[in-house]
Amino acid sequence: MLSVSQASLAFGGIKALDDVSFTAAPGEITAIIGPNGAGKTSLFNIISGFYRPQQGQILFDKQNITRMRADKRAELGIARTFQNIALFRGMSVLENIKLGGHTRLSTGFWASGFFYGGARREEARLRAEIERDVIDFLELDHIRKAPVAALPYGLQKRVELGRALAMQPQVLLLDEPVAGMNREETEDMARFILDIQARWGTTILLVEHDMGMVMDISNQVVVLNFGRQIAKGTPDQVQANPAVIEAYLGTSDRSKTDAGEVTA
Amino acid sequence: MGQFIQYIINGVISGSILALIALGIVAVFKATKVVNFAHGHLILFGAYFYFTFSVVLADAPFMPAWVSSWEPAWLIAYAGDAPMFSPRAAIASWVSDLPRILLGLVGALAANAVLALIIERLIMRPLLGQSAFAMILSTVGLIWVLEGSAGLIWTAEAEQVPALGPNFPIRFQLFDQNLFLFSGSLVNLLVALLLFASLMLVLRYTRSGVAIRATAEDQSTAYAMGINVPRVFSTAWLVASTTGAVAGAILASRNGLSPAIGLFGLSVLAVVLMGGLDSFAGVLIASMLVGILSSMAQWKLGGGVAEIVPYVAVLVVILIRPHGFMGQEEIERI
Amino acid sequence: MITGHFKTDYSADEGIWSNWPKRWGLVAALVGLAIFPFVASNYALLLAGQIGIFIVAVVGLNVLIGYTGLMSLGHGAFFAVGAYTTVAIHHEWPLTFPLITLVISTVVAAAFGVLFGLPSLRVKGLYLAVATLSANFIILFLIEQEWLAEWTGGISGTETPNAVFFGVELVSQQAKYFFIMPVMVLMLLFAQNLFRTRFGRALIAIRDKDYSAEILGIALFSYKLKSFAISAAYCGAAGSLWAYFFPAILPEDFGLNMSITLVVCLVAGGMGRTLGPIFGTILILLVPELLKIVAASITGGDATAQTWVSPTRDILFGLMIIGFLIFEPMGLVNIWDRFWRFMSRWPFAK
């Protein structure tokens, strides 16, 4: 569905991504993990179109989208959420989610301005669809008219997921969907992600630090460290991979010195 | 060719004055992240204060006679019967004006400093932490407050004020071309560049300079490090208003005193943007460039075109280099 | 007391006249607008016409500043483009139907808007403010050029035509009122509709978080330029009406002062709100009138003593911008909202 091949991205001398390749199979959940600064968000940024990789390709449905503008990629069906919530803070939950429908509507400037007619019908249709597929589905009905800025963190994350869902995406990129959440919220979010996969067969890419969740729900795990891809495989394979263990825990010597420092 | 060099020289001279004005805008921006749209009108006030102290007050009946015209015996002897426009006559007349010039400068600096402190305290401080938009607009509002106040206090007619330095024509040769400039312009150039350079040095090498730069980088961290951020703000406004007063005095002595000084100051905003808001070096380059371009435009296309040169230039530069020649781009983390 | 909003389907929930005070308020406003010219003095009509024209322009500016979040200090220039296009059209073809002139002026202004909006593709915020500042000086410079003077009248200004509808020339204030107000109401309605559907929502999204908008498939460059075009078009329409409204225009009528006045109206009223431009414009345009009355009562109509009126007005305007920014940054609309919130809970809360 979505494949990244040999992608490299550098900012000046710093290599954010170095020769990263993987394929996200249709309808599966692919998790991207790695320590802080490993290049996970940079990877998302080249997939969604904020950065252009200096080398390598990004293929969506066999189409090369490496140089495509971000908004065009959205039209193809790539949706994402952000690590630091990027909701439209001046708007209500409903308005935020409606914006997710932007690519699927056709009302242009004139139709918008005259309103009565096509625009009105389209708005009503969108509203009904959103109520059914997003608001009911994500259990947001009690806050649909609330301004997003006033919502607690966990709910804001869920609204952002809702906004992405309203795009009816083929590929959904989730950047740390459960960061900073308590256990209950994390479980809710994991359930929503699995439900999305089951209900629409969406291909999901996930950046996450919560290893419990990653190992529970992903079909494939890609591990990055300092921009390099150090492992790829099923959760079990990755957990057993020595390079991964080293990246996360350090070598046995290092872990001793670290422990020494802590006790001292 | 001779004329070309002549206009380059004129351009550099007006460029240095642009740089002096730009200095105030950059200083305030660096410390407070506010772009002061009213800086031109602060300069206008500086010009009017200079006029008030050096002309109105110096000629007032209660002032001792030597203030309005200082003529010690040695000066009269020195002037002798030097012909008009000769260096000697010009210097003599400048020395005899010196008391009023100094009174004017000291008065204008002090009055403008007080004005800036009032503005900073009453208008900018309450807006701290507001959006950039609110900050810009409040300084736009300030334009009107200052312009209106100037209209109420001073009758808006073109008045003459004494120049900062002795003014006589200097003729010289460069590349076998006959060129000339006024010594007064040369003094203005030196004053402007000296002020510019000394401020750059202060910012780079002194403790308070570092404090200003730290505040510019990150206000809350600067606070946490024990820097008196409000004082940094007032310092920046003081720098802007005092350099602005000097610029005002120069402009008034060059082109006469009129409300148009305010609008001229506004056009310097375009110059600052071209250079890059937070870069003194970039702003200096942009000032010289605009000064020379305007001077060329004046020569080839007439005065009307010269006035819009900064505005056209800034549009071109922004489209090519959005943050100016040497400005720092703000990187948004996603 | 206005309690809950009871709706049974989604399209009712999407409506803009969603409750009875809104509905009847609108009807009352329209009726008032229609009756006004029959009861008001000529002077009041002059003011009303001016306010109506300014509202059109400020609504346009609201599209750009209030809804798209792009700063402009140059919209007086687009106002000028509209006014001078109207004059030029009538200079070439004196009998052009006014609505056609209005449309052409609007389109020309929109084109200039796009041109000066180009920097918005590269910069935001104050960089954009200064870039748009350029529009004032460059466009006025062009208008004052010798080689355009045949159409623009150059630096000394030009007389303007009256609108002629099917052989009826609109000369009286009353007649002009009936030209301006319908245009104003329709343009207000258009803007209002814009911002409850896909197009306008996209603009608001750009204002709130541009990269987030991009990720949802909103093409930033196209929408930003469209926003510039729309706002300049509204100002152009206002300019065209202005040319029909006043007997003569001067280049310096427009310039920086008008650009700032437009922004002041918007800030005073409340950015990004439908009613903001209306409230703000009425307030800002009535202040000088009040000042004149005060001045006349103090000086007893002595003309020479009134030289202080104009600078005082400037000071007052400046203080009003600053005052609003410090004390009521959301503008008059916010006061209005507070009032209605209070009313809807009365007598149970304060």
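What share of the contacts in chain A with a separation of 6 or more comes from residues 24 or more positions apart? The answer is 67%. That is a handy way into this predicted model, and the legends below go through it view by view.

**View 1. Chain A on its own.** Here we have a chain built with 11 helices and 10 strands. Its radius of gyration comes out at 20 Å, close to the 18 Å that the globule rule gives for 264 residues, so chain A is as compact as a globular protein of that length. Along the principal axes, the C-alpha atoms of chain A take up a box of roughly 70 × 40 × 35 Å. As for what's tucked away, 42% of the 264 residues of chain A count as buried.

**View 2. The two domains of chain A.** The domain assignment splits chain A into domain 1, which covers 2-77 + 169-263, and domain 2, which covers 92-160. Measuring between C-alpha centres is left to the program, which puts these two domains of chain A 29 Å apart. Where they touch, seven residues of domain 1 of chain A meet five residues of domain 2 of chain A. On the domain 1 side of chain A, helix 2 (70-76) and helix 7 (183-200) each chip in at least two residues. Sorted by class, that side of domain 1 of chain A has four nonpolar, one polar and two charged residues.

**View 3. Where chain C meets chain A.** Look at this contact and you'll find 25 residues of chain C against 33 residues of chain A. On the chain C side, helix 1 (10-13), helix 8 (173-194), helix 9 (198-208) and helix 10 (210-215) are the elements giving two or more residues. Helix 9 of chain C gives the most to this side, with eight residues. The mix on the side of chain C that touches chain A is 12 nonpolar, six polar and seven charged residues.

**View 4. Chain B on its own.** Now for a chain with 13 helices and two strands. The radius of gyration of chain B is 21 Å, close to the 20 Å that the globule rule gives for 334 residues, so chain B is as compact as a globular protein of that length. The box filled by the C-alpha atoms of chain B is roughly 75 × 55 × 40 Å along the principal axes. Buried residues make up 47% of the 334 in chain B. Among contacts in chain B with a separation of 6 or more, 77% come from residues 24 or more positions apart.

**View 5. Two helices crossing in chain B.** Zoom in on helix 8 (residues 207-217) and helix 10 (residues 229-255) of chain B, which pack at an angle of about 105 degrees with their axes 10 Å apart. That angle makes helix 8 of chain B roughly perpendicular to helix 10 of chain B. Helix 8 of chain B brings B:Ser208, B:Ala211, B:Ile212 and B:Thr215 to the contact, while helix 10 of chain B brings B:Val229, B:Val232, B:Thr235 and B:Ala236. By class, this contact has five nonpolar, three polar and no charged residues.

**View 6. Where chain B meets chain C.** This contact takes 35 residues from chain B and 32 residues from chain C. On the chain B side, helix 6 (132-153), helix 11 (260-275) and helix 13 (303-320) each supply at least two residues. Helix 6 of chain B has the largest share of that side, 17 residues. The side of chain B that touches chain C has 27 nonpolar, six polar and two charged residues.

Notes:
Residues are numbered from 1 along each chain as its sequence is written. Chains are lettered from A and ligands numbered from 1 in the order in which they are written. This is a predicted model: local features need pLDDT of at least 70, side-chain atom pairs count only at pLDDT 80 or more; totals for chains, interfaces and linings use all residues. Domain bounds come from an automatic or database domain assignment. Two residues are in contact if their C-beta atoms, placed from the backbone, lie within 7 Å. Helices (H or I, at least four residues) and strands (E, at least two) are DSSP runs, numbered from the N terminus. Ala, Val, Leu, Ile, Met, Phe, Trp, Tyr, Cys and Pro count as nonpolar, Asp, Glu, Lys and Arg as charged, and the others, Gly among them, as polar. Axes are lines fitted to C-alpha atoms, for helices over the stretch in contact, and angles run from 0 to 180 degrees between N-to-C directions. Angles under 35 degrees count as roughly parallel, over 145 as roughly antiparallel, 65 to 115 as roughly perpendicular and the rest as oblique. The radius of gyration is taken over C-alpha atoms; the globule rule is 2.2 Å times the number of residues to the power 0.38. A residue is buried if 20 or more other C-beta atoms lie within 10 Å of its own, exposed if 12 or fewer, and partly exposed in between; C-beta atoms are placed from the backbone.
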